[in-house]
Amino acid sequence: MKRLKLVCSDFHLATGVRFSNGAPNPLEDFRYDHRFKEMLEYYSHPPFDGAELELIFNGDMLNLIQTDYRGHFPVVITEAISCEKLLAIINGHP
């Protein structure tokens, strides 16, 4: 069986390329959701579909600093704030 390791890093995911009102988000660094999806789909078809695939996220995947919390950027970040920011990033990159 083939074994593959895909290593990705430095995506700097924030809340998406557009705000909910449609305006562009200048704080978003990652604008390649569709390309990342294409890459994952590529490795799920022949000749790789039978391979053992390991996807490794090697740092700097999330940009919590440039992700606002309820319209502002707090100085102190709690676990609850981090979780809410993470949900905003997930929603921004479905």
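**Close-up views of a predicted model**

**View 1. The backbone at D10, in the loop that runs between β1 (3–8) and α1.** In this predicted model, D10 has a phi near 60°, which is a positive value in a residue other than glycine. Most residues other than glycine have a negative phi. With a relative accessible area of 42%, D10 is partly exposed, because that class lies between the limit for buried residues, under 20%, and the limit for exposed ones, over 50%.

**View 2. The backbone at D60, in the loop between β2 and α2 (79–92).** Although D60 is not a glycine, its phi is positive, at about 50°. Its relative accessibility of 47% places D60 in the partly exposed class.

**View 3. The cis peptide bond that joins P46 and P47.** The omega angle of this bond is about 5°, and P47 is found in the loop between α1 and β2 (52–57). Most peptide bonds, by contrast, are trans.

**View 4. The largest pocket and the residues that line it.** The space in this pocket amounts to about 190 Å³. Its lining is made up of F11, L13, F30, D33, H34, F36, K37, F57, M61, H93 and P94. Helix α1 (residues 33–42) supplies four residues, the largest share of that lining. By residue class, the lining of the pocket comprises seven nonpolar residues, together with two polar and two charged ones.

**View 5. A nonpolar patch on the surface, formed by L62, L86, L87 and I90.** Together these residues have about 350 Å² of accessible area, and one of them, L87, is found in helix α2.

**View 6. The salt bridge between R3 and E52, one of five in the model.** The closest N and O atoms of R3 and E52 are 3.5 Å apart. This pair links distant parts of the chain, for R3 belongs to strand β1 and E52 to strand β2, with their positions 49 residues apart in the count. The two partners fall into separate accessibility classes: R3 is exposed, with a relative accessible area of 63%, whereas E52, at 40%, counts as partly exposed.

**View 7. The salt bridge between R35 and E38 within helix α1.** The side chains of R35 and E38 meet with an N to O distance of 3.0 Å, and the two residues are three residues apart, about one turn of the helix. R35 counts as exposed, with a relative accessibility of 51%, because the exposed class takes in values over 50%. E38 has a relative accessible area of 40% and is partly exposed.

**View 8. The salt bridge between E84 and R70.** Here too the side chains meet, at 3.0 Å from N to O. Since E84 lies in helix α2 while R70 lies in the loop between β2 and α2, the pair ties together parts that are 14 residues apart in sequence. E84 is partly exposed, having a relative accessible area of 29%, whereas R70 is exposed, with a relative accessible area of 62%.

Methods. Residues numbered from 1 in each chain as written. Predicted model: local features only at pLDDT ≥ 70, side-chain atom pairs only at ≥ 80, totals over all residues. Heavy atoms only, no water. 1 Å grid on protein atoms, 1.4 Å probe; cavity = no way out; pocket = protein on both sides within 12 Å on 5 of 7 lines; lining within 4 Å. Points joined across faces, edges and corners; volume = space filled by probe spheres on them. Nonpolar A, V, L, I, M, F, W, Y, C, P; charged D, E, K, R; others polar. Buried < 20%, exposed > 50% of the residue type's maximum accessible area, 1.4 Å probe, protein only. Patch = residues over 30% accessible without salt bridge, like charges linked within 9 Å, V, L, I, M, F, W, Y side chains within 5 Å. Areas by Shrake-Rupley, 256 points an atom, 1.4 Å probe, with all protein chains shown as cover. Salt bridge = Lys/Arg side-chain N within 4 Å of Asp/Glu carboxyl O.
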